[in-house]
Amino acid sequence: MESVLGRYKNLIVLACVLVAQVLGLAVQVKRTTDTQSTRLIRIWAVSSITPFEKVLNWVHGGSWNLWHNYFYLRGVRAENRELKAEIERLRLEQVRLNEDAAQARRLQALLSFKEQFISQTLPAQVIGSGGSEQSRIVYIDKGQKDGLKADMAVITVDGIVGKVLKVFGSTSQVLLIDDQSSGVGAILEKSRLQGILRGTPSGEVVLERIMTDNAVQPGEEVRTSGGDRVFPKGLPVGTVTKVGNGADLFLSIRVRPAANLSKLEEVLVVTHLVEQEPTQLQSGPVRAADILAQRLPSVPDKPPADTAKPKPDAPVKEATHPAAPAPGKPSGSTAQSRAEATPNPRSDSITPVSPRTAGTTPSAVQPATAHRPTPPPVQVADPVNSTAPKTRPAPAPASATEPSTQNGPQ
Amino acid sequence: MPITYTSGEQVEVYRFNWLITLGVPATALFLQAWLPHQFPVFAMLDLPLLVTIFFAISRRNPISGLLTGGVIGIFQDALTGLPIGLNGIAKTLVGYAASSLGVKIDVENAGARLLVTLVFCVAHKVIYFTVARGMVSLSVQWSWPHELWSALVNAIVGVFLFYALDRFKLRT
């Protein structure tokens, strides 16, 4: 007997180790959540790796910033010019979008919609990956100590990234949207078709569950539908790149994610969402005169007595905006001011000069948009001390043009 | 305290300092998690597998090889979001096979190392995908060109890595 054991010792040990691992796998497959033993192994592995990753990322980021922020400034002036031009263009676009948003809010108030707002986010840095082609996950440098929980949405300014999968002490595992086990409720922006966004084994992102009798065009934007109860509605997801026939009468729609998932550095974890019903004031009856007043150019506000006679060389925008500018906005020449001062050349729409945008006392006709719901205050957790988040005042109706790409209402 | 292992009659058996025994796999796991985040092309590499093969063929002890592979694989699985044991089983088998092969043939020259690493990389992928599909029902994708290319890249990197790690070998 002993000689047999000695002779086949290697094979017996191999068989034992394999059987143990197979049994462990079987237990994990049966249970959806991690068992205590597997969670311990994960904690050990993550705890031994992530501190080094944090240090290396800190050194790497520091040297990179030093080079790019202090030495390598080539092309910064040109980039600055381009960015300024883009700001001007975006401000013009924002004036138009504000009107659309106000109209949408009025309709939502009429239908007693509950709106979902991102009320608090926590910035985090991506420090590492899962290191496997089969599992597309990343690690961020915030965890249980910072108040993170599983299933929290992770986004960037460009679009959604994924959701928190597992939370450890000071780090968390984020499942990216291109992982094959992820699923995001998504909606096509123009056609309003809803589907499920999934990752493929090859790392592509596809939109599933849209019937072949629907027309979907490449280039169409995809946004979150809010149906997964993880991501709030309306966040950018990506763009349709290819549409083909899939299996079972469903389209095969490939989507290019809006966020660059292969080069993630900083992300925002949505730590708190708020559902808000329209107030009585918002959901009150809307008078036809209000709607009409909104569509017609309003009378400019009466300037103060001391500035009743504007200087001849004063720009037109100063005359139309005697009041102080909204907080956070420059008081100088803004594209928005120009847009408000200049009627839109299109015959069917005239850019309104409303008291809402001017930030002054209401004129004789109060437009309905003045009653737009005020989103809850947006809190940006302090990345250094997340336990004491700073409160950023909610964008007031008068300063609706303030960019709020990161933390604004979605 | 150096860790010693059984030696064969014909081929030379090596042992490693405990610092190397623990440090090299830990470094490989760390780099495997960190490098693909900084440079996505490195996701193709499987440094823990290369380390498993190196220790297995150097020690030439099947039990040591399979245990090394199993532990490295389990810790590698722990860093992914997938069930623990996929890499564990695959690397256990590769560790056992590599050390068994190391007992029989000499794999000290570059050509033999390239060939052995190439074969074991492909074998590792086959085992991994079999377990992932057969036991965990993961819808992993198999592409021969990609797997062969990946195995070749790993084998080439492995040759250089093995030469670097040869410095830490201690004769029994």
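Me: Read along the sequence, which pattern of helices and strands does chain B follow?
Reply: This is a predicted model, in which local features need pLDDT of at least 70 and side-chain atom pairs count only at pLDDT 80 or more, while totals for chains, interfaces and linings use all residues. Residues are numbered from 1 along each chain as its sequence is written, and chains are lettered from A and ligands numbered from 1 in the order in which they are written. Helices (H or I, at least four residues) and strands (E, at least two) are DSSP runs, numbered from the N terminus, and chain B has 6 helices and 2 strands. Along the sequence they give β-α-α-α-α-α-α-β.

Me: How are H2(B) and H3(B) oriented, roughly parallel or roughly antiparallel?
Reply: The axes of H2 (residues 47–59) and H3 (residues 62–79) of chain B come within 9 Å and cross at roughly 170 degrees. Axes are lines fitted to C-alpha atoms, for helices over the stretch in contact, with angles from 0 to 180 degrees between N-to-C directions. Angles over 145 degrees count as roughly antiparallel and those under 35 as roughly parallel, so H2(B) and H3(B) are roughly antiparallel.

Me: How many nonpolar, polar and charged residues form the contact of H2(B) with H3(B)?
Reply: Residues are in contact if their C-beta atoms, placed from the backbone, lie within 7 Å. From H2(B) come Pro48(B), Val51(B), Thr52(B), Phe55(B), Ala56(B) and Arg59(B), meeting Ser64(B), Gly65(B), Thr68(B), Gly69(B), Ile72(B) and Gln76(B) of H3(B). Ala, Val, Leu, Ile, Met, Phe, Trp, Tyr, Cys and Pro count as nonpolar, Asp, Glu, Lys and Arg as charged, and the others, Gly among them, as polar. The division is 5 nonpolar, 6 polar and 1 charged.

Me: How many charged residues are on the side of chain B that touches chain A?
Reply: The contact takes 39 residues from chain A and 33 from chain B. On the chain B side, H1 (18–38), H3 and H4 (86–104) each supply at least two residues. That side divides into 23 nonpolar and 10 polar residues, and the number charged is no residues.

Me: Which helices do the buried residues of H6(B) pack against?
Reply: A residue is buried if 20 or more other C-beta atoms, placed from the backbone, lie within 10 Å of its own. In H6(B) the buried residues are Ala151(B), Asn154(B), Ala155(B), Gly158(B), Leu161(B) and Phe162(B). Their packing partners in chain B are H2 and H5 (110–134).

Me: What share of the residues in chain A count as buried?
Reply: In chain B, buried residues make up 49% of 172 residues. Chain A has 410 residues, and its buried share is 34%.

Conventions. Angles under 35 degrees count as roughly parallel, over 145 as roughly antiparallel, 65 to 115 as roughly perpendicular and the rest as oblique. Two residues are in contact if their C-beta atoms, placed from the backbone, lie within 7 Å. A residue is buried if 20 or more other C-beta atoms lie within 10 Å of its own, exposed if 12 or fewer, and partly exposed in between; C-beta atoms are placed from the backbone.
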